[in-house]
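Biologist: I would like to go through this structure term by term. For each label, please tell me what it rests on.

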Amino acid sequence: MLVLILAGCDAGNAPLSSQPLANGAILAAETNGRFTLVTSGNGPVQVWRQGDATPLYQWHQGEETDPVLLLTISPGGNAAATATSHTVAVWSLESGQNLGFYSLPQSLRALALANNGQALLLGYQNGTVEFVNLNTGRRLQYFGHENVINSLDLSANGRYALSASHDGMVHFWQTTDAALLASWQHSNSANLVKLDEHGSYAFSADAQGNGEIHHLPGGELQAQLKVPARGQTFVSARLNAGQNLLATGGTSRRLDLWQLDSGTHLQQWQVGLHTQLRPASAMVYSIAFVSPDTLYSASSSGLAETWTITNSEQNDE
């Protein structure tokens, strides 16, 4: 196991491209590099296709006064889900059509979607996690947490779930029978979890800017990461096991690249700012690997940007 503290470093190269997705700050964004979902609160969710000058779709969900706060795209990139605090809608990214609308009994805090939109994972304010197979209607509730659910992820095939709660607990479990496979504890509230598509690694982070890489299915700690400044935290992550890379987005405009199996820091960038917004900062809401040497980011400034990966291998001998 390696313990790594990232010192301050230069912001790296300028983006290859930058595209405004909104006229001001946005509340949430989710991207897979091809499609980017954006919500500014009230009004429709806008769906942008990379390189297009105008949104491809605009999705309306329930009452316009109830803001959409949660967005997710299926691993295969053909379906998406959007959620308010008490409703969830599933959509086709191929046609833009609505595939289902669901009212929820509890206040929703986190959301994940399996491949082809076949299953939903829902994390609630009361600490319950619910798995819903949208093809068969089967539901399974997971009661392993004792506090508010802050973040979720679901494997592409829908068989494995990763969940994090406000008390710092992270659980990796099966959606077939709710059997717990691994768990670990952060010393502060766990606010972010992410799986790699092969189910080999998990990333988790807490509210004090501490990140951890765990090997699955056993949950062994692989490496620890630390953001450099007090008050900065991890906001988003994307694991690429095929290239042995982890990309993380954070507060204070941070976009970082790490070696997945060791946690070695490889590269850093600063995302762009909206010139009319104050204070002049941004959070990186979502990241995607779009090619072996290219990253794509969407930030709270309303910008989608493309970045060149120039250092994808560990420098240390």
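Biologist: What is the volume of the largest pocket, and what makes it a pocket?

Modeller: The volume of the largest pocket is about 1400 Å³. On a 1 Å grid over the protein atoms alone, a pocket is an open set of points with protein on both sides within 12 Å along at least five of seven lines, whereas a cavity is a set where a 1.4 Å probe fits but cannot get out. The volume is the space filled by probe spheres set on the points, which are joined across faces, edges and corners. This is a predicted model, in which local features need pLDDT of at least 70 and side-chain atom pairs count only at pLDDT 80 or more, while totals for chains, interfaces and linings use all residues. Residues are numbered from 1 along each chain as its sequence is written, and side-chain values use heavy atoms, with hydrogens and water left out.

Biologist: Which residues that line the largest pocket are the closest to its centre?

Modeller: Glu30, Leu71, Lys194, Ala237 and Tyr285 are the closest to the centre, out of 50 lining residues. A lining residue has an atom within 4 Å of a point. By class, 30 are nonpolar, 13 polar and seven charged. Here Ala, Val, Leu, Ile, Met, Phe, Trp, Tyr, Cys and Pro count as nonpolar, Asp, Glu, Lys and Arg as charged, and the others, Gly among them, as polar.

Biologist: Which strand supplies the largest share of that lining?

Modeller: Strand β23 does, with seven residues. Strands that each supply at least two residues include β3, β7, β15 and β27. Strands (E, at least two residues) and helices (H or I, at least four) are DSSP runs, numbered from the N terminus.

Biologist: Why is the contact of Glu30 with Arg238 called a salt bridge?

Modeller: A salt bridge is a side-chain nitrogen of Lys or Arg within 4 Å of a carboxyl oxygen of Asp or Glu. The closest N and O atoms of Glu30 and Arg238 are 3.9 Å apart, so the pair meets the definition. Glu30 lies in β3 (residues 28-31) and Arg238 in β23 (residues 234-240), so the salt bridge ties together parts that are 208 residues apart in sequence. The structure holds four salt bridges. Another joins Asp52 to Arg49 at 3.1 Å, and Asp256 meets Arg254 at 3.0 Å, N to O.

Biologist: Which of these residues are buried, and which are partly exposed?

Modeller: Buried means under 20% relative accessible area, exposed over 50%, and partly exposed in between (1.4 Å probe, protein chains only). Asp52 has 23% and Arg49 has 32%, so each counts as partly exposed. Both Glu30 and Arg238 are buried, as are both Asp256 and Arg254.

Biologist: Why is β23 described as largely enclosed?

Modeller: Six of the seven residues of β23 are buried, so the rest of the structure largely encloses this strand. For β25 (residues 254-259), six of the six residues are buried, so the same description applies. Both faces of β25 are covered, with Arg254, Asp256 and Trp258 on one side and Leu255, Leu257 and Gln259 on the other.

Biologist: How do you know that β23 and β24 pair?

Modeller: Two strands pair if DSSP finds at least two bridges between them. β23 and β24 (residues 245-250) have six bridges, in the antiparallel sense, so they qualify. Leu239 has Leu246 in β24 as its bridge partner. Four residues lie between the strands of this hairpin, and Asn244 takes a positive phi near 60°.

Biologist: How many bridges join β24 to β25, and β25 to β26?

Modeller: β24 and β25 pair over five bridges, antiparallel, and β25 and β26 (residues 265-270) also pair antiparallel over five. Leu255 stands opposite Trp269 in β26. The hairpin of β24 and β25 has three residues between the strands, with Ser252 at a positive phi of about 55°. In the hairpin of β25 and β26, five residues lie between the strands, and Gly263 has a positive phi near 80°.

Biologist: What makes β7 and β10 edge strands?

Modeller: The open sheet runs in the order β7-β8-β9-β10, with antiparallel pairing. β7 and β10 each have a single partner strand, so one side of each is left without a neighbour in the sheet.
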